[in-house]
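Trainee: Could we go through this model and test the labels people put on it? I'd like to see what backs each one.

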Amino acid sequence: MKKKIAIISAVLALVLVLSLALVACNAYKWDSIGPGEPNAKVESNGGYAVKQGKYLYYVNGFDGTTADNTFGTPVKQAILRSEVKEEDGTLTVDNTTTKVVVPKTVLYSSSVKDGGIAVFGEWIYYATPNYDKDKTGTASTTDIDFMRTKTDGSVTQKIAKISGRDTRYLFTESRILYVSGTSVNYIDFSGMKTNKSIDNGKGAKSGTLIENVSGTVLWSMDSDRIFFVESLTGDDSYKQYNNLCSVKVDGSDKKVLATEGTSLTGDEKPEDKVLKVFKYTLVNLLVEKDAQGNIKDYTLYYTKTHRNGESDTSDGFFCSKISADKSEKEAQTQFKTDEYRMTTQTVSSVYPLGYEEGALLTISSNVYKLEKDYAGKLEDRLIVSGTPTICYADKAAKKIYYTISSVTGLASISYDPEHLDNQALIFGEGIKTDWLNLDFVGSNLFFFATDDSNYVHYIDVKSPIYGKLDEEGEQEKTEYAGFEREEDEE
């Protein structure tokens, strides 16, 4: 007997027919689906699903990149809205309230893991593939449109078109940032009118936010500040260091956090000085907030190298933090003082836990938990082997949820090195993992199931199908929380 979970909402054909009937000469004509809650708290921007008040906005499955993307046509891979109820952190979606709010296809890219949709106030922001044809009638295979739609569906606006469907981008309340080569560009839409649909980006302005970027730019939809490494140019280009910097998304308050003299005391001999002049490579970022939701600290994870003769030598993998209220000089001092080295091993991926707790580091296909002041053996911090992808960390329970090639579905394990005896299978459904990072609203996981043509599902991971192994080695089965269930006889 195979147990099958129901999709969040399989939009009825009648809903689609009625919606399409609304499309008129206005390219973005779509009648209001009723007011949302634009002043409510937003949870989980930048993924498959965003919760704002009592409403959930989500991408309704995966349909690829070749479907008809005419406004009003897509349903699967479009954005839907449903009402939700929440009790003890567990969501229940009311399928009877589901409506199409954005009848456009959300952009798919296997290279961009941190894109997705975002909700700010009364607007939903999203990227969508542009299939405009050139003079020969050939549809574009590279262009994307950045767009926004009001949360009631009444107004839709094209903000800008760019080339490159593998482009990293960030939505903010007034700007879209995107990486282009060694630059970060912006599209400022604060000047656009908000009371009518727009199909040509009228009122939006574009420009370059930062240049000479080296490596990965770190950002978060929870913050108005980004972090980057700046390469040296011109007469200084031969020097063996770079600048680790931050700047606000509006281009103001740029700070150099680490540079040539950051680690120098002034007493070094010439042969020792080279050992303290570094090139930085940023790897990951965690925005840490206080109980009121205000940004307290930015925890940065990065590597450093120094010049050793004709080549660069690794100094290891590091963690440090910058408090949100620091001036540039104070931030430089804090960055230097609070820095600690986590490992000298090569790190292939990082799941950040915070400055004191450190991170979960993937080293040679194994995940280790390393934290500040830990000086023991690496093997004593082994959590799980086999190159897992960590989806979510419950810090209160000290537990991680992860996918791994050897298991169908989602598994969990404690990341407390003293208590590694509770590995469990949460559920055994196939998960699509080649798009965005798996998305959580609280402890509720949203994912595309591969056994039903990639529709979206959700589950509270604290109430799984499968529990721990029982004494006979079998999985103890419980019920899904929030799911409709149906059984197929086999």
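Mentor: Here we take the labels one by one; keep in mind that the model is predicted.

Trainee: What makes up the secondary structure of the protein chain?

Mentor: Three helices and 36 strands. Of the 490 residues, 51% are buried, and the chain exposes about 22,600 Å², with carbon and sulfur atoms supplying 44% of that area.

Trainee: Which residues have the most contacts inside the largest nonpolar core?

Mentor: Phe146, Phe171, Leu177 and Ile226, in a core of 37 residues. The label calls for buried residues such as Phe, Leu and Ile, joined through side-chain atoms within 4.5 Å. These four are Phe, Leu and Ile residues of that core, so they fit the definition.

Trainee: What does Phe171 touch, leaving out residues up to four places away in sequence?

Mentor: Gly116, Ala118, Phe120, Tyr125, Tyr126, Ala127, Phe146, Ile176 and Met221. There is also a second, separate core of 36 residues, which includes Trp30, Ala49, Tyr126 and Val441.

Trainee: Why would nonpolar side chains be found buried together?

Mentor: As a general rule, in soluble globular proteins they tend to be buried together.

Trainee: Which are the edge strands in the sheet β31-β32-β33?

Mentor: β31 (439-441) and β33 (456-460), as each pairs on one side only. The sheet is open, and its three strands pair antiparallel. On average, neighbouring strands are turned by 30 degrees against each other, direction ignored.

Trainee: How do you know that β31 and β32 pair?

Mentor: Pairing takes at least two bridges between the strands. Three bridges join β31 to β32 (residues 444-448), so the pair passes that definition. One bridge to look for is Asp439 with its partner in β32, Phe446.

Trainee: Why can we say that the buried residues of α3 line one face of the helix?

Mentor: The buried ones in α3 (residues 328-338) are Ala331, Gln334, Phe335 and Asp338. Looking down the axis of α3, they fall within an arc of 100 degrees, and therefore they line one face.

Trainee: Which exposed residues sit on the face of α3 turned away from the buried side?

Mentor: Lys329 and Thr337. Exposed means over 50% relative accessible area, buried under 20%.

Trainee: What do the buried residues of α3 pack against?

Mentor: Strands β17 (243-248), β18 (255-258), β19 (279-289), β20 (295-308), β21 (311-323) and β22 (340-343).

Key: Residues are numbered from 1 along each chain as its sequence is written. This is a predicted model: local features need pLDDT of at least 70, side-chain atom pairs count only at pLDDT 80 or more; totals for chains, interfaces and linings use all residues. Side-chain values use heavy atoms; hydrogens and water are left out. Buried means under 20% relative accessible area, exposed over 50%, partly exposed in between (1.4 Å probe, protein chains only). Contact means heavy atoms within 4.5 Å. Helices (H or I, at least four residues) and strands (E, at least two) are DSSP runs, numbered from the N terminus. Axes are lines fitted to C-alpha atoms, for helices over the stretch in contact, and angles run from 0 to 180 degrees between N-to-C directions. The arc is that of the directions from the helix axis to the C-beta atoms. Accessible areas come from the Shrake-Rupley method with a 1.4 Å probe; for residues, only the protein chains shown count as cover.
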